Amino acid sequence: MKTVLTYGTFDLLHYGHINLLQRAKALGDYLIVACSTDEFNEIKNKHSFYNYENRKRVLEAIKYVDLVIPENNWEQKRDDIKKYNVDIFVMGDDWQNKFDELSDLCEVIYLPRTPDISTTIVKSYLNEKDITVNKS
Ligand code: C2G
């Protein structure tokens, strides 16, 4: 069985995320997604609309995703790869070469990003439309 691992915030889930997760799962048999916690998002200077619990819940509902774990820091990847016996580490190619140092532990693959979609684009569209949202 081939285990695949990827990391991300996955806020305001969109088809770019789904494209990534679908291709990641197609590389193996079991896909683990490490979802950035709200605290780690602060470190990444990302302020997600959905909190961690809700982003985790959304990811767990995706048929390509087998397990969701928390991403608490930049440094946990090596331990995660060993802990879950990961065969393939996958990220979108906006991270090209950033995680090559993991290649002594597993295969490292960067997949082409889906063009013209991002959580930032969605947020700016909503702002332009002056759509105010009351966070539940
Ligand atoms: N992605 C993509 N195409 C897009 C948008 C995102 O392929 N149009 C991919 C990204 O390359 C990433 C994944 O979807 O692999 C999740 O994207 P984000 O939620 O933006 O995650 P990011 O902030 O890049 O966090 O330790 C790694 C970080 O946690 C990655």
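This is a chat about the ligand site, the cysteines and two backbone oddities in a predicted model.

User: Let's start with the ligand. Which residues come nearest?
Analyst: F10, K46, E71, D94 and I117 come nearest, out of 21 residues around the ligand.

User: And which secondary structure elements supply at least two residues of the shell?
Analyst: That would be β1 (3–8), α1 (15–26) and β4 (88–92). The element that gives the most is α1, with three residues.

User: OK, polar side chains next. How far is K77 from a ligand oxygen?
Analyst: An N or O atom in the K77 side chain is 2.8 Å from an oxygen atom of the ligand. W95 has a polar side-chain atom 2.9 Å from a ligand oxygen, and for S36 the distance to a ligand oxygen is 3.4 Å.

User: How much of the ligand does the protein bury?
Analyst: The protein buries 95% of the 630 Å² that the ligand exposes when taken alone.

User: Which pocket is that, then?
Analyst: The largest pocket: that's the space the ligand takes up.

User: Switching to cysteines. How many disulfides are there?
Analyst: Zero. A pair of cysteine sulfurs has to be within 2.5 Å to count as a disulfide. For C35, the nearest cysteine sulfur is that of C106, 20 Å away, so C35 is in no disulfide.

User: What about C106, which cysteine sulfur is nearest there?
Analyst: The one of C35, again 20 Å away, and C106 is in no disulfide either.

User: Is C35 buried or exposed?
Analyst: C35 is buried, at a relative accessible area of 0%. C106 has a relative accessible area of 6%, so C106 counts as buried too.

User: Now the backbone. What's the phi of N97?
Analyst: About 70°, so to speak on the positive side, although N97 is not a glycine.

User: Where is N97 found?
Analyst: In the loop between β4 and β5 (107–111). N97 counts as partly exposed because its relative accessibility is 47%.

User: And D116, what's the phi there?
Analyst: Near 65°, a positive value in a residue other than glycine. D116 has its place in the loop between β5 and α5 (119–128).

User: Why does D116 count as exposed?
Analyst: Because D116 has 68% relative accessibility, and exposed means over 50%.

Key. Residues are numbered from 1 along each chain as its sequence is written. This is a predicted model: local features need pLDDT of at least 70, side-chain atom pairs count only at pLDDT 80 or more; totals for chains, interfaces and linings use all residues. Side-chain values use heavy atoms; hydrogens and water are left out. Buried means under 20% relative accessible area, exposed over 50%, partly exposed in between (1.4 Å probe, protein chains only). A residue is near a molecule or strand if one of its heavy atoms lies within 4 Å of it. A polar contact is a pair of N or O atoms within 3.5 Å; within protein, one must be able to donate a hydrogen and the other to accept it, and residues adjacent in sequence count only if both atoms are side-chain atoms. Accessible areas come from the Shrake-Rupley method with a 1.4 Å probe; for residues, only the protein chains shown count as cover. On a 1 Å grid over the protein atoms alone, a cavity is a set of points where a 1.4 Å probe fits but cannot get out, and a pocket is an open set with protein on both sides within 12 Å along at least five of seven lines; lining residues have an atom within 4 Å of a point. A molecule sits in a cavity or pocket if more than half of its atoms lie within 2 Å of its grid points. Helices (H or I, at least four residues) and strands (E, at least two) are DSSP runs, numbered from the N terminus.
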